[in-house]
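Subject: Handover of a structure and summary of findings

Dear colleague,

Please find the structure below, together with its sequence. I would be grateful if you kept it open while reading the notes that follow.

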Amino acid sequence: MLLAELAQVSLEVAATSARSRKVALLAGLFRDAGPEDVPVVIPYLADGCPRAGSASGGGASGTPSNRPRSPRSPSPASTPR
């Protein structure tokens, strides 16, 4: 499987709001993927990009994602008075 195909399907899934279309796109991708592609395909779709040196993409190792987190507003209990 080519990385370009994986990236294209990922973009198409992100661009559609129709669940049925997302399922169809992912089903086609998984149908085309071979067993050797699984260590790349699943982490890429789940996290955006597999980590270098890790066949599991980092997710299974417990390593936190490098994606920026959105700021959280403080809860009323944690706001200083």
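In which helix is Arg-21 found? Arg-21 belongs to helix α2. Before I say more about this residue, please note that the model is predicted, and that the remarks below should be read with this in mind.

Overall architecture

The chain contains three helices and zero strands. Read from the N terminus, its elements follow the order α-α-α. The chain has 81 residues, of which 21% count as buried. Its accessible surface amounts to about 6,100 Å², and carbon and sulfur atoms account for 60% of that area. If one takes the contacts between residues at least 6 apart in sequence, 31% of them join residues at least 24 apart.

Confidence

The mean pLDDT of the chain is 74, and 57% of the residues reach 70 or more. Among the helices, α2 has a mean of 94 and α3 a mean of 87. Over residues 56-67, by contrast, pLDDT stays under 50. For that stretch the model has 14 contacts beyond four places in sequence.

Arg-21 and its partners

Is Arg-21 buried, partly exposed or exposed? Arg-21 counts as partly exposed, because its relative accessibility is 42%, a value between the limits of 20% and 50%. Leaving aside residues up to four places away in sequence, Arg-21 touches Glu-12 and Thr-16. With Glu-12 the contact is of a particular kind: the two side chains meet in a salt bridge, at 3.5 Å from N to O. A search of the whole structure finds one salt bridge. Glu-12 is likewise partly exposed, with a relative accessible area of 28%.

The other partner, Thr-16, is located in the loop between α1 (3-15) and α2 (19-32). Why does Thr-16 count as buried? Its relative accessible area is 17%, and buried means under 20%, so Thr-16 falls within that class. Apart from residues up to four places away in sequence, Thr-16 touches Arg-21 and Lys-22.

The nonpolar core

Which residues make up the largest nonpolar core? There are eight in all: Leu-6, Val-9, Val-13, Leu-25, Leu-29, Ala-33, Val-41 and Tyr-44. Helices α1, α2 and α3 (38-47) each supply at least two residues of this core. The largest share, three residues, comes from α1.

Helix α3 deserves a separate word. Its buried residues are Val-41, Pro-43, Tyr-44 and Asp-47. The cover over the buried residues of α3 includes α1 and α2. Two of the names in this helix, Val-41 and Tyr-44, also appear in the core described above.

A nonpolar patch on the surface

Which residues form a nonpolar patch on the surface? Phe-30, Val-38 and Ile-42 make such a patch, of about 260 Å². Of these residues, Val-38 lies in helix α3. Val-38 counts as partly exposed, because its relative accessibility of 45% lies between the limits of 20% and 50%.

I suggest starting with the salt bridge between Arg-21 and Glu-12, and then turning to the eight residues of the core.

With kind regards

Conventions. Residues numbered from 1 in each chain as written. Predicted model: local features only at pLDDT ≥ 70, side-chain atom pairs only at ≥ 80, totals over all residues. Heavy atoms only, no water. Helix = DSSP H or I, 4+ residues; strand = E, 2+ residues; numbered from the N terminus. Buried < 20%, exposed > 50% of the residue type's maximum accessible area, 1.4 Å probe, protein only. Contact = heavy atoms within 4.5 Å. Core = buried A, V, L, I, M, F, W, Y, C linked by side-chain atoms within 4.5 Å. Areas by Shrake-Rupley, 256 points an atom, 1.4 Å probe, with all protein chains shown as cover. Patch = residues over 30% accessible without salt bridge, like charges linked within 9 Å, V, L, I, M, F, W, Y side chains within 5 Å. Salt bridge = Lys/Arg side-chain N within 4 Å of Asp/Glu carboxyl O. pLDDT = per-residue confidence, 0-100.
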